[in-house]
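Colleague: I would like a close look at a single part of this protein, taken slowly and set in its surroundings. Could you walk me through one position and the strands around it?

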Amino acid sequence: MSEQDLHAALRLLREEVGNLVKTVPGPVSSVSVRLGECSLEVSWAGSVPVEAPSVPPAVQAGWEETPQEAADPALTVVTAPLVGTFYLAPEPGAAPFVRAGDRVEAGQTIGIVEAMKLMNPVAAEHSGEVVEVLAGNAEPVEYGQDLVRIRVDG
C-alpha cells in the first residue's frame, strides 16, 4: 500500500469513527482502532458492562400494541440489531427477502442492516407468517427499531 493510499485509508477510517462516535449515547472516553485483523473498541466514561435486560424486544423498541396485537400473543417483531441502513433486498433491483404474507423459517434472512460499510444480515428468530414489513428499503434504522412483524407458528 502506497503512502498516499495509507493516508486516504486513515482519513476514511477517521471519518467513519467520527460518525460512529456521534451516534452513540453519552460522552465517549476512548476509541481504539486496529487496521490489521480489523478491530474497534469504544469506551464511555463510567461505563460498566451490563447484562441485557430480560424485556421483550417489542417493549425495548417502544412498540405499542394495538387491540388486535394484544389479543394475538403469537405476534412477534424482528428488531434492528444495530444502527445503520436497512435493506429489504440483497441488491438493488432484486426481489425483497420477505413481503407481507410470506412464510419464514427461524434463522431465515429478512433483511440487511449496513453499518460502517459492513452488510449485517437480520434473521427471523421464529418460524411463521410475515404480517407486516415496518421499515422501508434503504431507510436509516436505530438499534431495537421494529423491522418486521411475524405471526409465530403454533
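Modeller: A salt bridge is counted here when a side-chain nitrogen of Lys or Arg lies within 4 Å of a carboxyl oxygen of Asp or Glu, and a search of the whole structure, which is a predicted model, finds two of them. Both will come up again below, but the position I would start from is G128, which has its place in strand β8, residues 128-133.

G128 is buried, with a relative accessible area of 0%, in a protein of 154 residues of which 23% count as buried. Setting aside residues up to four places away in sequence, G128 touches D102, R103 and V104, and also I150, R151, V152 and D153. The strand pairing fits this list of contacts to particular partners: V104 stands opposite G128 in β8, and G128 also stands opposite V152 in β10. Strand β5, residues 103-104, pairs with β8 in the antiparallel sense over two bridges, while β8 and β10 pair in the antiparallel sense over five bridges.

These pairings belong to an open sheet of four strands, with the order β3-β10-β8-β5 and antiparallel pairing. Its edge strands are β3 (75-79) and β5, each of which pairs on one side only. The C-alpha atoms of G128 and L75 are 9.2 Å apart in space, although the two residues are 53 apart in sequence.

The salt bridges can now be placed against the same strands. In one of them, the side chains of D153 and R103, both of which are among the residues that G128 touches, meet at 2.5 Å, N to O. D153 lies in the segment after β10 and R103 in strand β5, so this pair ties together parts that are 50 residues apart in sequence. D153 counts as partly exposed at 39% relative accessibility, and R103 counts as partly exposed at 46%.

In the other salt bridge, the side chains of E132 and R149 meet at 3.1 Å, N to O. This pair links distant parts of the chain, with E132 in strand β8 and R149 in strand β10, 17 residues apart. E132 is partly exposed, with a relative accessible area of 33%, whereas R149 counts as buried at 8% relative accessibility; the limit that separates them is 20%, since buried means under that value.

From V104, the residue opposite G128, the description can be carried on into the nonpolar core. The largest nonpolar core has 16 residues, and V104 is listed among those with the most contacts inside it, together with F86, I110, V141, L147 and V148. The elements that give two or more residues to this core are β6 (109-115) and β10 (146-152), and β10 gives the most, with three residues. I110, not counting residues up to four places away in sequence, touches V104, V148 and F86, and also V78, F97, V98, V122, A123 and A124.

As for the wider setting, the protein has three helices and ten strands, and read along the sequence they follow the pattern α-β-β-α-α-β-β-β-β-β-β-β-β. Among contacts between residues at least 6 apart in sequence, 53% join residues at least 24 apart. The accessible surface comes to about 10,100 Å², of which 55% belongs to carbon and sulfur atoms.

Technical notes. Residues are numbered from 1 along each chain as its sequence is written. This is a predicted model: local features need pLDDT of at least 70, side-chain atom pairs count only at pLDDT 80 or more; totals for chains, interfaces and linings use all residues. Side-chain values use heavy atoms; hydrogens and water are left out. A nonpolar core is a set of buried Ala, Val, Leu, Ile, Met, Phe, Trp, Tyr and Cys residues joined through side-chain atoms within 4.5 Å. Buried means under 20% relative accessible area, exposed over 50%, partly exposed in between (1.4 Å probe, protein chains only). Contact means heavy atoms within 4.5 Å. Two strands pair if DSSP finds at least two bridges between them. Accessible areas come from the Shrake-Rupley method with a 1.4 Å probe; for residues, only the protein chains shown count as cover.
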